[in-house]
Amino acid sequence: QHHYSMLKTSVLGGLSSVRFKSSCPMNISHLDHLVLTVRDLNRTTHFYSKVLGMEVITFKGDRKALSFREQKLNLHQAGKEFEPKAKTPTPGSADLCLITKTPLTTVAAHLELKDMHRTGAVGPIRSLYFRDPDHNLIEISNYQQ
């Protein structure tokens, strides 16, 4: 049985190293949230709520997130990030693909964009590409049936 070499990491100031085998017992089911580092919380929440229909939520006092179905995008103000955080949080470094069941022709008319054909995680998709206020790449897609 193949063993990987030691993986050095610092996890929340505690664990200093992790050993793992090539066979993994985990079965990841879905993404709960991811963090976007943004320059302007108000511009970002306005964009994602008005353009993409996400719900703006406030949690843990004054933290902001964008919610859709059972996932959310937590927002960190650049320079005022919450711990723990990415090693080098940077506005504009994300590339997100969001799936919608809304026909892409409807979305394309709303965003005034033309669609492209791509390959998604589980098959062919039609996608629209544009940028948010921090210049993150946003892809809105339909799986083709």
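User: In the hairpin of strand 5 and strand 6, which residue takes a positive phi, and how many residues lie between the strands?

Analyst: In this predicted model, arginine 69 is the residue that takes a positive phi, near 50°, and the hairpin has two residues between its strands.

User: What makes strand 5 and strand 6 count as paired?

Analyst: Pairing requires at least two bridges between the strands, and five bridges join strand 5 to strand 6 (residues 71–77), so the requirement is met, with the two strands running antiparallel. Within this pairing, serine 67 stands opposite lysine 72 in strand 6.

User: How do you know that strand 4 and strand 5 pair, and in which sense do they run?

Analyst: Five bridges are found between strand 4 (residues 55–59) and strand 5 (residues 63–68), set against a minimum of two, and therefore the strands count as a pair, which is antiparallel. Phenylalanine 59 stands opposite arginine 63 in strand 5, while the hairpin that strand 4 and strand 5 form has three residues between them, with lysine 60 in the turn at a positive phi of about 45°.

User: Why is asparagine 142 called buried?

Analyst: Its relative accessibility is 13%, and the cut-off for buried is under 20%, so asparagine 142 falls in that class. Asparagine 142 is found in strand 10 (residues 137–143), and, leaving aside neighbours within four places in sequence, its contacts include Thr100, Pro103, Leu104 and Arg126.

User: What makes the approach of the asparagine 142 side chain to the backbone nitrogen of leucine 104 a polar contact?

Analyst: The asparagine 142 side chain reaches that nitrogen at 2.7 Å, and the limit for such a pair of atoms is 3.5 Å, so on distance the approach qualifies as a polar contact.

User: Why is the pair of arginine 39 and aspartate 134 called a salt bridge?

Analyst: The closest N and O atoms of arginine 39 and aspartate 134 are 3.1 Å apart, which is within the 4 Å limit, and therefore the pair counts as a salt bridge. Arginine 39 lies in the loop between strand 3 (33–38) and helix 1 (41–50), and aspartate 134 in the loop between strand 9 (123–131) and strand 10, so the pair ties together parts that are 95 residues apart in sequence.

User: Are arginine 39 and aspartate 134 buried, partly exposed or exposed, and what makes them so?

Analyst: Aspartate 134 has a relative accessible area of 4% and is therefore buried, being under 20%, whereas arginine 39, at 48%, is partly exposed because this value lies between 20% and 50%.

User: How do you know that aspartate 115 and arginine 126 form a salt bridge?

Analyst: Their side chains meet at 2.6 Å, N to O, which is within 4 Å, so the criterion is satisfied. The pair links aspartate 115, in the loop between helix 2 (104–111) and strand 8 (116–120), to arginine 126 in strand 9, 11 residues apart. Aspartate 115, at 28%, is partly exposed, and arginine 126 is partly exposed at 25%.

User: Why is glutamate 83 called exposed?

Analyst: Glutamate 83 has a relative accessible area of 60%, and the cut-off for exposed is over 50%, so the term applies. Its side chain meets that of lysine 85 in a salt bridge (2.5 Å, N to O).

User: What makes residues 1–12 a stretch to treat with caution?

Analyst: There pLDDT stays under 50, and where pLDDT is low, the predicted coordinates should not be read in detail. The protein as a whole averages a pLDDT of 87, and 86% of the residues score at least 70.

Key: Residues are numbered from 1 along each chain as its sequence is written. This is a predicted model: local features need pLDDT of at least 70, side-chain atom pairs count only at pLDDT 80 or more; totals for chains, interfaces and linings use all residues. Side-chain values use heavy atoms; hydrogens and water are left out. pLDDT is the predictor's confidence in each residue, from 0 to 100. Contact means heavy atoms within 4.5 Å. Helices (H or I, at least four residues) and strands (E, at least two) are DSSP runs, numbered from the N terminus. Buried means under 20% relative accessible area, exposed over 50%, partly exposed in between (1.4 Å probe, protein chains only). A polar contact is a pair of N or O atoms within 3.5 Å; within protein, one must be able to donate a hydrogen and the other to accept it, and residues adjacent in sequence count only if both atoms are side-chain atoms.
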